[in-house]
Amino acid sequence: MKKLFSLLIISLFWFSANAQNTAEISAESTLPTVQNNSDKPQDYNPEDLPWHARRFKFNAGVFFPTNNTQVKVGSNNGNGGDMIDFEKDLGFNKTSTSFAGSFEWRISRRSRLGTEFFYLKRTSTKTLEKDIEFGDNTYHVNTTISAFQDSQIARIYYGYAFISKPKYEIGALIGAHVLFGDVGLRVVGETQQAEFKDNFDFTAPLPDLGLWGEFVLAQRWGLYVNTNYFALKINDIDGRILSYNISVLYNVYKNLSLTAGYTGLNIRVDVEKERLNGFFKWGYNGPTLTATYSFGNHVKLYKH
């Protein structure tokens, strides 16, 4: 996946350079009077760029995360459960492929409202190399078990640009990641009566605060960065979240752009339910490749 991601980045740079060379050749052939100014950089108005400062923006694409997951689920009757490394103890692949999407509405020059969605489902089958206590049951060594992790993250945020210029904006974010998680183990015997399983599902709303920056690098190129962090205990949920993202945009044609980036998220959640209590620590990071469509009228930006 990393090789594929690198190839896509190189392709974008090659496409940009080739398009520029083609444009220069065309200009020399059809507009010889412009040759006297060919050594001057092409001027443009950032507010007229089809991909920049539009009222609405929609992103959809793929994410190739490398995962690191630890889970501990015990019962409230005294069974504390064992800390399980999903990749090491249960045979989950560290790398995976998932879908991610987002939508943003520029309410005004400085204000924006957005939402994001991320989905990941993983499964594995493994013959245990040690005894594992999970939920109400003990899964013994040399037992073949199937396991799953089903995670969905929905996010909503409000952003305010305290610096808003035609070529760059810097601001603050406030929002919340809502994690919908479900993890489980199952072993199947020779008869239906011998089958037993445990799962632990939860919903954890995790507020976050952050900073972001958006920059016009060239007529077709843009850069976006952001980072978010927060730790809070709400009733029976104690959570911490840290996320970051850096992405480079290339405008392919009119309102359509391609965005290549690198995203990371680290979540730690302690949840106590009526019968079970659980600890969930999940971190992922990896490259993303998305298509970006910007539309609506341009938001007015000021130089001063």
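The paragraphs below go through a predicted model, starting with its paired strands and ending with its largest nonpolar core.

A convenient place to begin is strand S4, which covers residues 98-106 and runs antiparallel to strand S5, residues 111-127, with eight bridges joining the two. The connection between S4 and S5 is a hairpin, made through four residues. Within this pairing, Glu-104 has Gly-114 of S5 as its bridge partner.

Strand S5 also pairs with strand S8, again in the antiparallel sense, and here the pairing extends over 17 bridges. One position in this second pairing can be followed through Leu-113, whose bridge partner in S8 is Tyr-158.

Strand S8 itself spans residues 144-164, and Ser-164 belongs to it. Is Ser-164 buried or exposed? Because its relative accessible area is 2%, which lies under the 20% limit, Ser-164 counts as buried. Once neighbours within four places in sequence are left aside, the residues in contact with Ser-164 are Arg-109, Arg-110, Glu-169, Leu-301 and Tyr-302.

The nonpolar interior offers another view of the model. The largest nonpolar core contains 34 residues, and those with the most contacts inside it are Leu-90, Phe-134 and Leu-185. For Leu-185, when residues up to four places away in sequence are not counted, the residues touched include Leu-90 and Phe-134, together with Ile-84, Ile-132, Tyr-139, Ile-145 and Ala-147. Leu-185 also touches Ser-146, Lys-197 and Asp-198.

Notes: Residues numbered from 1 in each chain as written. Predicted model: local features only at pLDDT ≥ 70, side-chain atom pairs only at ≥ 80, totals over all residues. Heavy atoms only, no water. Buried < 20%, exposed > 50% of the residue type's maximum accessible area, 1.4 Å probe, protein only. Contact = heavy atoms within 4.5 Å. Pairing = 2+ DSSP bridges. Core = buried A, V, L, I, M, F, W, Y, C linked by side-chain atoms within 4.5 Å.
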